[in-house]
Amino acid sequence: MASLASKIIKYVNAEVDFKSDVILQDDGNGAYIKEWNLDIKQPTDAQLLAVESDADKLERNNKVIATRKNLYGSSEQQIENIIENGLQAEIDRVNQIKTDNPKED
């Protein structure tokens, strides 16, 4: 089940600043919208439910992206690999990481 934040991102179809655009709160019974400061109308529960599948996909892809970044290593490590093994070796390594950790379309 997707987080409320992910559902809101999919609902507005844009990045959201959760410190000013939309303020979420959780008093122990689950997150809810405390403050809505966007030009688009605040979503109903039904509208948020309608984007849940897309929000789930967003969260899964964000996990894949984080895994990929971790496996790519730092820029310095990537440059070192290029210097030691050649550009094609680095391209092949990155492509293998992408193959092993695919994002959903």
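**Entry 1: Asn61**

I began with Asn61 and located this residue in helix α3, which covers residues 52-72. The model I am reading is a predicted one. I then asked whether Asn61 is buried or exposed. Its relative accessible area is 12%, so Asn61 is buried, the cut-off being under 20%. I looked up its contacts next, leaving aside residues up to four places away in sequence, and found that Asn61 touches Lys103 and Glu104.

**Entry 2: α1 against α3**

I turned to the packing of α3 with helix α1, residues 4-12. The two axes come within 8 Å and cross at roughly 110°. Because angles of 65 to 115 degrees count as roughly perpendicular, I recorded α1 as roughly perpendicular to α3. I noted the crossing of α1 past α3 as right-handed. I listed the residues that make this contact: α1 contributes Ser6, Lys7, Ile9 and Lys10, while α3 contributes Glu52, Asp54, Ala55, Leu58 and Glu59. Sorted by character, the residues of the contact comprise five charged, three nonpolar and one polar.

**Entry 3: Burial of α1**

I checked how much of α1 is covered and found seven of its nine residues buried, so that I describe the helix as mostly covered. The buried residues in α1 are Leu4, Ser6, Lys7, Ile8, Ile9, Tyr11 and Val12. I also asked what covers the buried residues of α1. The cover includes the strands β1 (22-26) and β2 (31-36), together with the helices α2 (45-50) and α3.

**Entry 4: Asn13**

I moved on to the residue that follows α1, namely Asn13. Asn13 lies in the loop between α1 and β1. I read its phi as near 60°, which is a positive value in a residue other than glycine. I added for context that most residues other than glycine have a negative phi. With a relative accessibility of 64%, Asn13 counts as exposed, because the cut-off for that class is over 50%.

**Entry 5: Pro43**

I next examined Pro43, found in the loop between β2 and α2. Is Pro43 buried or exposed? Its relative accessibility is 8%, and Pro43 therefore counts as buried. Not counting residues up to four places away in sequence, I found that Pro43 touches Tyr11, Ile33, Trp36 and Leu48. One of these partners, Tyr11, is itself among the buried residues of α1. I also took a C-alpha to C-alpha distance from Pro43 to Lys63: the two are 26 Å apart in space and 20 residues apart in sequence.

**Entry 6: The chain as a whole**

I closed with the overall fold. I counted five helices and two strands in the chain. Their order along the sequence reads α-β-β-α-α-α-α. I compared the radius of gyration of the chain, 19 Å, with the value near 13 Å that a compact globule of 105 residues would have. The C-alpha trace spans about 55 × 30 × 25 Å along its principal axes. I found that buried residues make up 27% of the 105 residues. Finally, I considered contacts between residues at least 6 apart in sequence, and 56% of them join residues at least 24 apart.

Methods: Residues numbered from 1 in each chain as written. Predicted model: local features only at pLDDT ≥ 70, side-chain atom pairs only at ≥ 80, totals over all residues. Heavy atoms only, no water. Helix = DSSP H or I, 4+ residues; strand = E, 2+ residues; numbered from the N terminus. Buried < 20%, exposed > 50% of the residue type's maximum accessible area, 1.4 Å probe, protein only. Contact = heavy atoms within 4.5 Å. Axes fitted to C-alpha atoms, helices over the stretch in contact; angles between N-to-C directions. Parallel < 35°, antiparallel > 145°, perpendicular 65-115°, else oblique. Left-handed = near helix turned anticlockwise from the far one by under 90°. Nonpolar A, V, L, I, M, F, W, Y, C, P; charged D, E, K, R; others polar. Rg over C-alpha atoms; globule rule 2.2 N^0.38 Å.
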